[in-house]
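Reader: I have a model open and would like to go through it piece by piece. Can we start with the overall picture and then move to details?

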Amino acid sequence: MLTGLFDTHAHYDARQFDPDRDQVLSALPGQGVELVVNPGCDLASSRKAVELAELYPFVYAAVGVHPEECADWIESDVEELRSLAAQPKVVAIGEIGLDYYWPENPPRELQKQVFRAQMALAQELDLPVIVHDREAHGDSLDIVRDFPQVRGVFHCFSGSTEMAGELVKLGWMISFTGVLTYQNARKAVEAAQAIPLERIMIETDSPYMAPVPHRGTRNHSGYVAHTCRRLAEIKGITAENCAQITMENGERFFNILGGHD
């Protein structure tokens, strides 16, 4: 069994875990998972993420409003995020960003406004950000460049190798999901080949994006081992070495020092 794994992005606040949340989370250390970051997607799920981080020693939280959830955004939401971010196990602002994929998503200008407001909060609090970017690569990069003091990660990376290179130059991280294990994942694999390993993190994006051989089922952090093994193949290293390096990358990025045994 692969051990020493860090799932840097999983949504245990999601309703898909309502029937057995504690059972799933309590089992993770026995599956080699030593750390998990649970990002919020709106104020309610951010609050839940903080609660889960308080309950489980190996779980940390991020707080933020996802672009799909920003339709009701009001300026005072920043105050609640600031308050939540003061909790001791909150390690990032996220999941924030832009999503132009679904036509029914909030207007693009509103998404950009909310993204900028949360980038400004991260800058003020000196916290990293977790960015969701779907079909919005150019605008996402433009906003990132406007905040040179903020460091972050593009999670579930779907951009080009060129874009990955731009982010690495800016000092940012790239995170890959189980998509790396999919047969049609040429773009993600090419990006993973091109990026230095010290700039890569791994994640499940649970309950979504389950890797092969579990594709189509509810995802959980135990499956991050499949992504780790695939990344190790791509990089020509052992899975154990890949687990160690991605763990160190995640601890450094989220400033979780000595966060596991």
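Author: What follows goes from the whole chain to the sheet, the helices and some single residues.

Author: One caution at the start: this is a predicted model.

Reader: Fine. How many helices and strands does the protein chain come to?

Author: The chain has 9 helices and 8 strands.

Reader: What radius of gyration does it have, and what would a compact globule give?

Author: The protein chain has 17 Å, and a compact globule with 261 residues would be near 18 Å, so the two agree. Along the principal axes, the C-alpha atoms fill a box of roughly 45 × 40 × 35 Å.

Reader: And how much of the chain counts as buried?

Author: Of its 261 residues, 57% are buried. The chain exposes about 11200 Å², with carbon and sulfur atoms supplying 48% of that area.

Reader: What about contacts far apart in sequence?

Author: Take the contacts between residues at least 6 apart in sequence: 71% of them join residues at least 24 apart.

Reader: On to the sheet. What is the strand order?

Author: The order is β1-β2-β3-β4-β5-β6-β7-β8, in an open sheet with parallel pairing. The edges are β1 (5–7) and β8 (200–202); each has a single partner strand, so one side of each has no neighbour in the sheet. From one strand to the next, the twist averages 25°.

Reader: What holds paired strands together in general?

Author: Strands of a sheet pair through backbone hydrogen bonds, either parallel or antiparallel.

Reader: Back to this one. How many bridges join β1 to β2?

Author: There are 3 bridges between β1 and β2, which run parallel. One residue to look at is D7, whose bridge partner in β2 is V36.

Reader: Is β2 mostly covered or mostly exposed?

Author: Mostly covered, with 6 of its 7 residues buried.

Reader: Now β3 and β4. How do they pair?

Author: Strand β3 (residues 59–63) pairs with strand β4 (residues 90–99) in the parallel sense, over 3 bridges. Opposite A61 stands V90 in β4.

Reader: Which strands does helix α4 touch?

Author: Helix α4 (residues 108–125) packs on the sheet and touches β4 and β5 (129–134). The direction of α4 makes about 160° with that of β4.

Reader: Then α9, which strands does that one lie across?

Author: Helix α9 (residues 239–254) lies across β1, β2 (33–39), β4, β5, β6 (152–154), β7 (173–176) and β8. Its angle to β8 is about 100°.

Reader: Change of topic: how many disulfides does the structure hold?

Author: It holds 0 disulfides.

Reader: Why is C70 without a bond to C41?

Author: Because the distance is too great: the closest cysteine sulfur to that of C70 is in C41, 12 Å away. C70 is also buried, at a relative accessible area of 0%.

Reader: And C156?

Author: C156 is in no disulfide either; its nearest cysteine sulfur, that of C41, is 12 Å away. C156 has 18% relative accessibility, and that counts as buried because the cut-off is under 20%.

Reader: Last one: where does S45 lie, and is it buried or exposed?

Author: S45 lies in helix α2 (residues 43–55). The residue is buried, with a relative accessible area of 10%. Leaving aside neighbours within four places in sequence, S45 is in contact with D13 and G40.

Technical notes: Residues are numbered from 1 along each chain as its sequence is written. This is a predicted model: local features need pLDDT of at least 70, side-chain atom pairs count only at pLDDT 80 or more; totals for chains, interfaces and linings use all residues. Side-chain values use heavy atoms; hydrogens and water are left out. Two strands pair if DSSP finds at least two bridges between them. Helices (H or I, at least four residues) and strands (E, at least two) are DSSP runs, numbered from the N terminus. Axes are lines fitted to C-alpha atoms, for helices over the stretch in contact, and angles run from 0 to 180 degrees between N-to-C directions. Contact means heavy atoms within 4.5 Å. A disulfide is a pair of cysteine sulfur atoms within 2.5 Å. Buried means under 20% relative accessible area, exposed over 50%, partly exposed in between (1.4 Å probe, protein chains only). The radius of gyration is taken over C-alpha atoms; the globule rule is 2.2 Å times the number of residues to the power 0.38. Accessible areas come from the Shrake-Rupley method with a 1.4 Å probe; for residues, only the protein chains shown count as cover.
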